[in-house]
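Colleague: I should be grateful for a close look at one loop of this model, followed by the parts of the fold that help to place it. Please define each term where it first appears.

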Amino acid sequence: MFVLGIDPGLSRCGYGVVEQIAGSGAQRARTEAVALGVIRTDPAEPHAVRLATQMHELQSLISEFQPSVVAVERVFFQANARTAIGVAQVAGLAMALGAAAGVEVVEYTPTQVKQAVAGWGGADKDQTKRMVGELLALPGPPEPADAADAAAVALCHLSQAAWGSAGSHARARVLLPASGAATSSL
């Protein structure tokens, strides 16, 4: 199972593609990082161009890796309203593109992500980044921070899925009929 984790942002959007590989017999299941990175846009460019860049890059990721799930970090609060709007717009793009591709889309709060990855919802960024490195058997904590955060979101989903707690996160699946009209089930 491939999970595409997204840490949304207009200037820097982190992504982490994580694969869960089932074990057989005495061999345990393992989780591997397939791709970690950041989609960057130039703040000097017009807002619409930056969103179009994010959209194109997110479409490319979904097309290349064909994830089973797109997991997006849900941001509740930003001190800067302008930053919050950009974050929300990129999160919306990621969710819409995943749904349009027929992929399950889920959201997790930062507290849920930290709880799942570091064992404590109040963990700081360094603790979470170190645990991402450990859980993915990387030689060290992943860099940059946006990519590590996105991998943490993907790992959070795998943790939730392993516990079978379908009610603990928001699910949205959009089915696009041939007419183009969208129907949804939550």
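Modeller: The account below begins with the chain as a whole, turns to the loop, and then moves to the interior.

This is a predicted model, in which local features need pLDDT of at least 70 and side-chain atom pairs pLDDT 80 or more, whereas totals for chains, interfaces and linings use all residues. Residues are numbered from 1 along each chain as its sequence is written, and side-chain values use heavy atoms, without hydrogens or water.

The protein chain contains five helices and seven strands (DSSP runs numbered from the N terminus: H or I of at least four residues, and E of at least two). Read from the N terminus, their order is β-β-β-α-β-α-β-α-α-α-β-β. The chain has 186 residues, of which 40% count as buried (under 20% relative accessible area with a 1.4 Å probe, protein chains only; exposed is over 50%, and partly exposed lies in between). Contacts (heavy atoms within 4.5 Å) frequently link distant stretches of the sequence: when partners at least 6 apart are considered, 62% of the contacts join residues at least 24 apart.

The loop to be examined joins helix 4 (125–135) to helix 5 (145–163), and E143 is one of its residues. P144 belongs to this loop as well, and so does A137. The peptide bond that runs from E143 to P144 is cis, with omega near -5 degrees. A137 shows another backbone feature: its phi is positive, near 55 degrees, although A137 is a residue other than glycine.

Are E143 and A137 buried or exposed? E143 counts as exposed because its relative accessible area is 56%. A137 is likewise exposed, because its value is 69%. The side chain of E143 nevertheless has a partner, for a polar contact of 2.8 Å joins it to the side chain of K129 (N or O atoms within 3.5 Å, one able to donate a hydrogen and the other to accept it; residues adjacent in sequence count only through side-chain atoms of both). The position of E143 can also be described relative to a distant part of the sequence. V38 is 105 residues away from E143 along the chain, yet their C-alpha atoms are 9.6 Å apart in space.

A positive phi also occurs in another loop. Q66, which is not a glycine, has a phi of about 45 degrees and is placed between helix 1 and strand 4. Q66 counts as exposed because its relative accessibility is 61%.

Beyond the cis bond, the chain enters helix 5, where D149 is found. D149 counts as buried because its relative accessibility is 14%. Once residues up to four places away in sequence are set aside, D149 touches D7 and K125.

The interior of the model holds a largest nonpolar core of 21 residues, in which L4, I6, Y15, L58, L61 and V70 touch the most other members (such a core is a set of buried Ala, Val, Leu, Ile, Met, Phe, Trp, Tyr and Cys residues joined through side-chain atoms within 4.5 Å). Two or more residues of this core come from each of strand 1 (2–7), strand 2 (12–21), strand 3 (30–40), helix 1 (47–65), strand 4 (69–73) and helix 2 (81–100). Apart from this core lies another, of 17 residues, including Y108, V117, L136 and V153. In soluble globular proteins, nonpolar side chains tend to be buried together.

I6 illustrates how widely a core residue can reach along the sequence. Its neighbours within four places aside, I6 is in contact with C13, G14, Y15, L58, V70, A71, V72, E73, A94, A150 and V153. V153 is thus a contact of I6 and also a member of the core of 17 residues.

Q54 of helix 1 completes the picture of the interior. It is buried because its relative accessible area is 0%. Beyond four places in sequence, Q54 touches G9, L10, C13, I39, T41, V90 and L93. Of these partners, I39 lies 15 residues away along the chain, and the C-alpha atoms of Q54 and I39 are separated by 6.9 Å. C13 appears among the contacts of Q54 and among those of I6.
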